[in-house]
Amino acid sequence: MDKFVTRHRKRSVDEADEWKSGEPIKKCKDECEVEEEFSQPIPWQKFEAEGLDCDYSFLFEKEEADHLLKQLEEEVMYFTGDKAKVQVYGKSYQVPRKQATYGDEGLMYSFSGVQLLAKPWTPTLEHIRDAVTKATGHTFNFVLINRYKDGHDHMGEHRDDERELDPACPIASVSLGAVRDFIFRHKDARGGSSKRQIEPVKLELAHGSLLLMNYPTNTYWYHSLPVRKKVKTPRINLTFRCIVKNRQKTSIKMD
Ligand SMILES: O=C(O)CCC(=O)C(=O)O
């Protein structure tokens, strides 16, 4: 299953099929030069199912991953108060983990009734973001950070299909700390009276790993990080995203 795929610089959704073949998309000399500059071959494992297209690899070796986790534990400032709550059917709930958002100036991410404004990139976050860009050829302007103190902290089923996210850019998920299960469920196979029988796709996200959720995964598949009571140590997950500035839901609010 393991294979080497060299990622190339940002492509459009229309180019996705061409790209899937693993062949470089060579259009012009300038573009190709940029591709070379950004590409850094790493061994990718491909996960595919109907409408699901993901790539998984190790981005950091243990020693560097340990160091980055330690740095982030010291640096990241998590939301508190109302910003640490979500609205579901008009009711407010405490998020069962800690969350933070960093990115380019003025960017904001809205979901489940909250609007989270990006804090400026820290040197550690820039380092991780640039490593993801080198490995994928994609550039990112925003990161959502989730910290799970242990296996009781979790994330419920959801899709990252907000309209401000650029669909041509994968969501790049970097994991540091405890290994956790990550489950994809097809939208037609959820709940007791589901329309179809489609097997969930289960992955283990390891320390130092990178998971790419490529288009159209988030159109058809929900994902979750379930409770795992046996997990006693923390985990930090960073999802790097590309937000299209003029598609942000509302005007920017300062904290
Ligand atoms: O912690 C994880 O791996 C899940 C993160 C996630 O689902 C998200 O940021 O949308």
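This is a short talk about a ligand site and the strands around it in a predicted model.

Hi everyone, thanks for coming. Let me start with the ligand, since I suspect that is where your eyes went too.

The ligand sits in the largest pocket. Which elements give two or more residues to the shell around it? They are strand 10 (142–148), strand 11 (155–158), strand 16 (221–225) and strand 17 (235–241). Strand 17 gives the most, with 4 residues. There are 14 residues around the ligand, and Tyr148, His158, Asp160, His223 and Arg235 come nearest.

Now for the polar side chains. A polar side-chain atom of Arg241 lies 3.2 Å from an oxygen atom of the ligand. For Thr239, the distance from an N or O atom in the side chain to a ligand oxygen is 3.3 Å, and for Asn237 the corresponding value is 3.4 Å. As for cover, the ligand has 300 Å² of accessible area on its own, and the protein covers 99% of that.

Let's stay with strand 17. How many of its residues are buried? The count is 7 of the 7, so strand 17 is largely enclosed by the rest of the structure. Arg235, Asn237, Thr239 and Arg241 point one way from the strand, while Ile236, Leu238 and Phe240 point the other way.

Who are the neighbours of strand 17? Strand 10 runs antiparallel to strand 17, and 7 bridges join the two; Val143 has Phe240 as its bridge partner there. Strand 12 (residues 171–177) is antiparallel to strand 17 as well, joined by 6 bridges. In that pairing, Leu176 is matched with Ile236.

For contrast, have a look at strand 14, residues 201–205. Its side chains alternate: Val201, Leu203 and Leu205 point to one face and are buried, whereas Lys202 and Glu204 point to the other face and are not. Strand 14 pairs with strand 13 (residues 180–186) in the antiparallel sense, over 5 bridges. If you want a spot to click on, Arg180 stands opposite Leu205.

One last stop, Ser110, which lies in strand 7 (residues 108–111). Is Ser110 buried or exposed? Its relative accessible area is 4%, and buried means under 20%, so Ser110 counts as buried. Ser110 and Glu162 are 52 residues apart along the chain, yet their C-alpha atoms are separated by 8.0 Å.

That's my tour. If you remember one thing, let it be strand 17, which gives the most residues to the shell around the ligand. Happy to take questions!

Technical notes:
Residues are numbered from 1 along each chain as its sequence is written. This is a predicted model: local features need pLDDT of at least 70, side-chain atom pairs count only at pLDDT 80 or more; totals for chains, interfaces and linings use all residues. Side-chain values use heavy atoms; hydrogens and water are left out. Buried means under 20% relative accessible area, exposed over 50%, partly exposed in between (1.4 Å probe, protein chains only). Two strands pair if DSSP finds at least two bridges between them. A residue is near a molecule or strand if one of its heavy atoms lies within 4 Å of it. A polar contact is a pair of N or O atoms within 3.5 Å; within protein, one must be able to donate a hydrogen and the other to accept it, and residues adjacent in sequence count only if both atoms are side-chain atoms. Accessible areas come from the Shrake-Rupley method with a 1.4 Å probe; for residues, only the protein chains shown count as cover. On a 1 Å grid over the protein atoms alone, a cavity is a set of points where a 1.4 Å probe fits but cannot get out, and a pocket is an open set with protein on both sides within 12 Å along at least five of seven lines; lining residues have an atom within 4 Å of a point. A molecule sits in a cavity or pocket if more than half of its atoms lie within 2 Å of its grid points.
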